[in-house]
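Q: Could you take a close look at one part of this model for me? I'd like to go through it piece by piece.

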Amino acid sequence: MSGQEFWNFTVVGLVSGSIYAVIALGYTLVYGVLQLINFAHSEVFMLGSMGGLFMARALLPAGSPSVVQSVGIMVAGLVVGALSGGAAAFALERTAYRPLRRRGAPKLAYLISAIGASLFASNLAGKEFGRQDISLSPVFDYNHVVFTIFGAAVRALDLVIIGVGLLMLLFLDRLVAVTRLGQSIRAVAQDAETASLMGVNVERVIITTFVLGGLLAGAGGFLYAAKFSASYNMGFLPGITAFSAAVLGGIGNVRGAVLGGLLLGLVKSYSTKLIGAGYVDVVGFLALVLVLLIRPSGLLGERLGRAA
Amino acid sequence: MKQLLTTDVARRRLGACLFLGIVLALITGSTGTANHPFHAARESLIAVRVIWFLLIGVALWVVWTLGTGPGASSVTRARRAVTNAVQPITRSKARYGGYVVLLAIAIFVPRTLPASSSYLQQALFSGAAIYALLGLGLNVVVGYAGLLDLGFIAFYAIGAYVTAYLVYTGKELHSGHTPIPWHAPFHLNGFFVLPIAAAAAALAGVILGGPTLRLRGDYLAIVTLGFGEIVQLLAINANGVTNGSQGAFGVPPLRIHLAGIHYTWSLDPLPEYYLLLGIIVVVMIAFSRLERSRTGRAWAAIREDEIAAAASGVPTTRYKLLAFAIGASTSGFAGVIFATYQFFNPQSFSFQASILVLTIVIFGGMGSIFGVVVGATLLQLLTAYLQHANVVPAEDSPIFFGAIVMAMMVFRPQGLIPSRRRSREIRLAEEGVGGADALGAAEGVS
């Protein structure tokens with residue numbers, strides 16, 4: 001790998017890594033609060049990306065959009081994507097998780113129910129929106145090279161993705177660390193029963209956590225679709241990678257999820273070159289297994305309460 | 001009765017039922033495209049047909065509300081659950097009569113199917129029977145050990161590729177042809193491949209489960225999911241070994257040359273079906289013995305209270321690993337039979353297939369051997385029929401499988417034909433006594 005190639009793959013890795021990080025936050029938040037792998041989170045990502053994409057496509061003018069229009073379309077796509085993701089996460093919590101929680105079902109039941117929800121949602125989306133790849137025609141000159149590092153081009157869209165991703169991560173980190181809501185999320189993560197005795201509305205914290213994760217995943221989904229494309233089964237691979245990222249950083253740990261996402265993005269990007277494109281996803285899974293073997297509690301340790 | 005229908009609970013249920021009706025209208029409605037994203041939904045919902053679906057919702061609500069009544073208080077329910085828990089689970093002799101009748105149906109009904117329904121015979125073999133065997137294997141993992149395996153089909157793939165690698169290709173095939181590019185220096189009869197493939201799959205299961213199970217049961221789900229993907233990716237990409245996405249061609253059928261008996265299972269689905277039926281019956285007997293053996297009791301102990309089991313000297317990790325290996329080897333076993341049916345390609349080893357096996361186990365009843373077999377038959381024959389009759393497009397069936405899995409977990413987690421021990425556990429766990437899985441002591445919201 002030559003120097004320029006290395007930097008090229010670094011840029012690509014950071015771009016996809018920030019999307020993984022944004023999705024990983026959803027896994028980590030829900031795991032922190034419920035000790036549960038939310039298998040259907042990948043479908044929340046997919047539905048958010050569809051929502052944002054359809055909004056952006058509807059706003060697209062006939063000719064090539066002006067700068068102001070482009071910014072407007074991107075913002076609208078992000079907002080609608082986030083809202084669709086949030087709505088999907090809300091619906092998911094209400095239909096697949098809450099009935100089980102009211103009954104106090106065993107943990108296995110949640111996992112299975114989420115798998116069912118995931119299968120249902122992705123194939124229903126395939127039925128409603130067709131089973132082809134859906135892409136966004138360029139809203140602005142997104143391949144415009146803004147600057148180069150050691151010869152590797154950094155394009156406008158890459159900057160938008162990394163920038164928006166970082167902004168959301170920062171927002172969430174502060175939200176969990178300083179606000180009253182964040183305090184109650186951490187309290188439930190530490191000990192739900194005690195938290196409820198202290199006057200925390202546990203049910204509301206749970207649904208808020210789901211919706212927060214959904215908002216982030218939806219916005220991330222729109223960015224992903226703008227960079228690559230969207231389809232009904234797009235959630236699966238980024239979803240697993242993001243889960244691996246959450247485990248790598250220490251599940252339940254907000255900053256860990258970000259670190260894990262960026263690291264996995266880089267590793268996968270380099271392995272495209274070093275091992276071959278067909279095996280990139282193998283690398284992701286191997287990374288997960290290796291993390292579990294060597295440091296199961298993740299790089300930054302597990303607890304949501306302690307980390308934030 | 002009027003009071004019953006106007007309570008708070010009833011109103012919430014009405015909302016849920018109407019929602020269910022709308023969802024039903026959507027998933028049976030028309031198919032859309034990306035250029036008109038809401039066209040399909042509009043056509044399905046803003047039409048006269050939606051009234052029928054809403055009526056179905058209302059009917060469901062009436063049955064549900066009148067059927068369950070006001071419900072016992074939580075104290076009574078808890079007391080009843082605990083009283084039930086100390087009752088011994090007895091097996092009545094009458095059950096055996098039922099088994100004999102069902103076996104007779106399984107033997108004789110396929111022969112009487114009219115020739116026009118050859119798709120049903122095909123579905124019996126490649127759908128119902130193979131998936132019943134797979135379901136029996138997954139049932140050991142999900143039902144007995146209380147773990148979740150989402151890459152179960154990977155072991156099936158291992159079985160199939162081991163077969164293609166080892167099996168006797170014979171003289172009738174043009175020289176030099178092997179099912180996949182790699183072939184062992186020797187050739188084996190398909191029946192000798194069976195134990196080898198089962199052992200290979202079990203070994204893969206131990207290698208995969210070993211590091212994961214030591215940690216946390218719920219991580220096993222995602223690791224197995226990843227493993228399933230890796231196996232399929234390898235099968236697709238390793239052209240020089242597996243023949244890539246083309247798959248294996250010309251895998252010879254199973255044959256017997258023993259003590260003057262010569263028989264070859266050709267492409268006819270019925271003989272294959274009977275072979276599988278025999279294997280399934282043996283596996284059913286073996287697994288029901290296993291369930292009531294020391295091993296089965298250890299699994300039950302781990303499910304119901306892992307910490308107590310460990311404290312009583314049950315090596316929990318080893319027993320979980322054993323369940324995982326037994327499940328995997330059953331899957332590998334099924335893979336051999338699948339492979340000897342002429343050809344296969346990596347498409348058969350998708351994540352969807354793993355989820356289909358899980359759907360079968362959940363639908364039939366976790367831990368219920370009988371339920372799994374009935375579940376496989378019902379689901380697969382129904383799918384085959386609906387697709388043949390063009391009621392449901394083939395690509396839409398995952399929607400229904402997903403809905404079934406979710407609905408079962410919400411409304412009837414013990415399954416269609418529940419295992420009595422398993423459903424008692426689920427009931428008890430819901431009342432806060434003990435557990436019903438082996439995913440590690442969760443300290444979640446109770």
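Which residues of the largest nonpolar core touch the most other members?

A: Quick housekeeping before the core. This is a predicted model, so local features need pLDDT of at least 70 and side-chain atom pairs count only at pLDDT 80 or more, while totals for chains, interfaces and linings use all residues. Residues are numbered from 1 along each chain as its sequence is written, and chains are lettered from A and ligands numbered from 1 in the order in which they are written.

Now the core. Ala323(B) and Val357(B) touch the most other members of the largest nonpolar core, which has 225 residues. A nonpolar core here is a set of buried Ala, Val, Leu, Ile, Met, Phe, Trp, Tyr and Cys residues joined through C-beta atoms within 7 Å. Buried means 20 or more other C-beta atoms within 10 Å of the residue's own, exposed means 12 or fewer, and partly exposed is in between, with C-beta atoms placed from the backbone. Leaving out residues up to four places away in sequence, Ala323(B) touches Val140(B), Val141(B), Tyr144(B), Ala145(B), Leu147(B) and Trp299(B). A contact is a pair of C-beta atoms, placed from the backbone, that lie within 7 Å. As a rule, in soluble globular proteins nonpolar side chains tend to be buried together.

Zooming out to chain B: 43% of its 446 residues count as buried, and its secondary structure comes to 19 helices and four strands. Those elements are DSSP runs numbered from the N terminus, with helices (H or I) of at least four residues and strands (E) of at least two. Among chain B contacts between residues at least 6 apart in sequence, 78% join residues at least 24 apart.

How far can you trust it? Chain B averages a pLDDT (the predictor's confidence in each residue, from 0 to 100) of 81, and 89% of its residues score at least 70. Of the elements in chain B, helix H15 (residues 316-339) has the highest mean pLDDT, 92, and helix H1 (residues 2-5) the lowest, 62. Over residues 441-446 of chain B the pLDDT is below 50, and that stretch has 15 contacts in the model beyond near neighbours in sequence. Where pLDDT is low, the predicted coordinates should not be read in detail. For the complex, the predictor gives an ipTM of 0.87 and a pTM of 0.87.

On to where the chains meet: 47 residues from chain A and 53 residues from chain B take part in the contact. On the chain A side, H4(A) gives the most, with 16 residues. That side divides into 33 nonpolar, eight polar and six charged residues, where Ala, Val, Leu, Ile, Met, Phe, Trp, Tyr, Cys and Pro count as nonpolar, Asp, Glu, Lys and Arg as charged, and the others, Gly among them, as polar.

A last stop inside chain A: 16 of the 19 residues of H2(A) are buried, so this helix is largely enclosed by the rest of the structure. H2(A) reaches 27 Å from its first C-alpha to its last, close to the 27 Å expected at 1.5 Å a residue; the expected span is 1.5 Å times one less than the number of residues. In the loop between helix H1 (3-34) and helix H2 (41-59) of chain A sits Gln35(A). Gln35(A) has a positive phi near 55° although it isn't glycine, and it is buried, with 22 other C-beta atoms within 10 Å.

Note on methods. Two residues are in contact if their C-beta atoms, placed from the backbone, lie within 7 Å.
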